[in-house]
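Here are my notes on this entry, set out as numbered points. Please read them with the structure open.

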Amino acid sequence: MLKLFNTLTRRKEKFVPIEPGKVRMYVCGMTVYDLCHLGHARVLVVFDVIVRHLRALGYEVTYVRNITDIDDKIILRARKNGETIESLTERYIAAMHEDADALGVLRPDFEPRATESMDDILKMIGELLDKGYAYQGENGDIYYSVSRFEHYGQLSGKKLEDLRAGARVDVDEDKRDSLDFVLWKAAKPGEPAWPSPWGEGRPGWHIECSAMSTECLGAHFDIHGGGMDLQFPHHENEIAQSEAATGEHFVNYWIHNGFVQVDKEKMSKSLGNFFTVREVLARYQPEEVRYFILASHYRSPLNYSDDNLDKARGALQRLYTALRGSSPDAGAGPVAEYVERFDAAMNDDFNTPEALAVLFDLARAINRARDAGDPQLDALVATLRQLGGRLGLLQSDPDVYLRGETSDGDDSDDAIIDDLVAQRQAARERRDWAEADRIRDLLAGQGIELEDTAEGTRWRRI
RNA sequence: GGCUGAGUGGCAGAGUGGUUAUGCAGCGGCCUGCAAAGCCGUGGACCUCGGUUCGACUCCGGGCUCAGCCUCCA
């Protein structure tokens, strides 16, 4: 029985899908005006693992992750670069897909874009106007009237009065209430615009997600996710828009992941303390980044540091070392005891650190079985691979992983290493320990560690 | 100021009303030409003050500290 923490109720709840056996899930994706940073990577990986787990439980999942490809920052950036909005967004969409693929993130079933969803957006704004939840200001913008929506604040636990009291928003004369937000922005000269019954313009940020999710998944669906920072106002506004427009309950379970931090501070564009996925992948293997993300619970803060990435590397080396030397498809079935523990961890609000602990217990059991010549070895190895796969980990060939280089790794060439290892082996055979140790130290200086085993000498990059 | 969430051993990071998380690092041993990897063993923790309880790191209340949201943000 899967339990998950629902932001709406701030409690862990049993997951019951609207339609038995099926899950409809929407996650807020990226605004494509720059490269993905580690914060984006966390959203991608966390919800990827959630989808994988739901599928492993047998649910037929429809996973939608949108792309925001029109907004103020995109317009500004394109203008600054002297390029069209389309060329800018296409480039960063491609970059995002590369990053996501590298991290082993499965593609969503649908990836709608705001600019391709104008009909749905206009339709929903029209409904909100018809029902009196929206109004047009003097400047032509259409606003959502927050005070008309009875449950405003339910997701973020805020009251309208508190929000007004603490408001840091500039007072906009055009709005009836400072908390009202834009549904449709009237175009100013030179701005990209789409035709609408209320004049040329572009959608506000919040309406696109309401429109796209409703279009792809219906007015009422199971799970809506995104980063913590979207809880307010973005998701609050989505609820207000969707429920007002459709008259139906919008989403049953809201899932929000915690932030990536640097020096105990949120990693963000505005603070400038971010690391792009590419920067990190230049120094660490993609799987190490993925492990780093999953080593913390998805709702906890995740502190970025080289030390923590190094620990992820060390941890994966241990797991892959356990897998080494065993045939990948030995045909042995998984060992129920471990699968059950893994499932229990994942069913408890996607507790990936606990699930990883099961993997390490499995690694120890494998090493032990190997030493003892236990016939259960193949089954244990198969189990570790299978459970690792449930997290999108441990699917590489162990030797390839252990010898793996990062994209700006050292220049040492595998053939040269193999040659030195052979020379050292020859020295060892003539019991020339001094020469053998000299070669070993030489390689160690390049980050190559040797292991002498009964089957010969193995090497890996550390 | 309002509203959230968090404070665990050297580090990272789970969890639990009374019993080993896990990984890295440390220490002792086995193995090894020596190492490495692996195995066996081992030390070390629950911010603070009250309360509830036979018993709390775990529940409740106060305090302190940190982070986040209230403005674009994953």
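1. Start with Asn 81. Its relative accessibility is 37%, so Asn 81 counts as partly exposed. Asn 81 belongs to helix 2, which covers residues 72-81. Leaving aside residues up to four places away in sequence, Asn 81 touches Leu 88 and Arg 91. Bear in mind that this is a predicted model.

2. Next, the salt bridges. The structure holds 35 of them. Side chains of opposite charge can pair when their charged atoms come close. Three pairs and one network are taken up in the points below.

3. Glu 19 and Lys 22 form a salt bridge, and their closest N and O atoms are 3.5 Å apart. That lies inside the 4 Å cut-off for a salt bridge. Is each partner buried, partly exposed or exposed? Glu 19 is partly exposed, at a relative accessible area of 34%. Lys 22 is partly exposed as well, at 31%.

4. Glu 191 and Arg 202 also pair, with an N to O distance of 2.8 Å. This salt bridge links distant parts of the chain, the two residues being 11 residues apart. Glu 191 sits in the loop between strand 7 (181-186) and strand 8 (201-203). Arg 202 sits in strand 8 itself. Arg 202 has a relative accessibility of 4%; the limit for buried is under 20%, so Arg 202 counts as buried.

5. Which residues share a network of salt bridges with Glu 191 and Arg 202? They are Asp 72 and Lys 185. Asp 72, Lys 185, Glu 191 and Arg 202 are therefore best inspected together, as a network of salt bridges in the sense of the 4 Å cut-off.

6. Now helix 16, residues 433-444. Glu 435 and Arg 438 both lie in this helix, three residues apart, or about one turn. They form a salt bridge, with 3.0 Å between the closest N and O atoms. Glu 435 is partly exposed, at a relative accessible area of 22%. Arg 438 is partly exposed too, at 45% relative accessibility.

7. Turn to the helix packing. Helix 12 (residues 352-372) and helix 13 (residues 377-390) have axes that come within 9 Å and cross at roughly 155 degrees. Angles over 145 degrees count as roughly antiparallel, so helix 12 is roughly antiparallel to helix 13. The crossing of helix 12 past helix 13 is left-handed.

8. What makes that contact? Helix 12 contributes Leu 359, Leu 362, Ala 363, Ala 365, Ile 366, Ala 369 and Arg 370. Helix 13 contributes Leu 377, Leu 380, Val 381, Thr 383, Leu 384, Leu 387 and Gly 388. By type, the contact of helix 12 with helix 13 has 11 nonpolar residues, two polar and one charged.

9. Last, helix 4 (residues 118-130) and helix 7 (residues 231-246). Their axes come within 9 Å and cross at roughly 70 degrees. The range from 65 to 115 degrees counts as roughly perpendicular, so helix 4 is roughly perpendicular to helix 7. Met 124, Glu 127 and Leu 128 of helix 4 meet Gln 241, Ser 242, Ala 244 and Ala 245 of helix 7. The residues of this contact divide into four nonpolar, two polar and one charged.

Technical notes: Residues are numbered from 1 along each chain as its sequence is written. Chains are lettered from A and ligands numbered from 1 in the order in which they are written. This is a predicted model: local features need pLDDT of at least 70, side-chain atom pairs count only at pLDDT 80 or more; totals for chains, interfaces and linings use all residues. Side-chain values use heavy atoms; hydrogens and water are left out. Axes are lines fitted to C-alpha atoms, for helices over the stretch in contact, and angles run from 0 to 180 degrees between N-to-C directions. Helices (H or I, at least four residues) and strands (E, at least two) are DSSP runs, numbered from the N terminus. Angles under 35 degrees count as roughly parallel, over 145 as roughly antiparallel, 65 to 115 as roughly perpendicular and the rest as oblique. A crossing is left-handed if the near helix is turned anticlockwise from the far one by less than a right angle, and right-handed if clockwise. Contact means heavy atoms within 4.5 Å. Ala, Val, Leu, Ile, Met, Phe, Trp, Tyr, Cys and Pro count as nonpolar, Asp, Glu, Lys and Arg as charged, and the others, Gly among them, as polar. A salt bridge is a side-chain nitrogen of Lys or Arg within 4 Å of a carboxyl oxygen of Asp or Glu. Buried means under 20% relative accessible area, exposed over 50%, partly exposed in between (1.4 Å probe, protein chains only).
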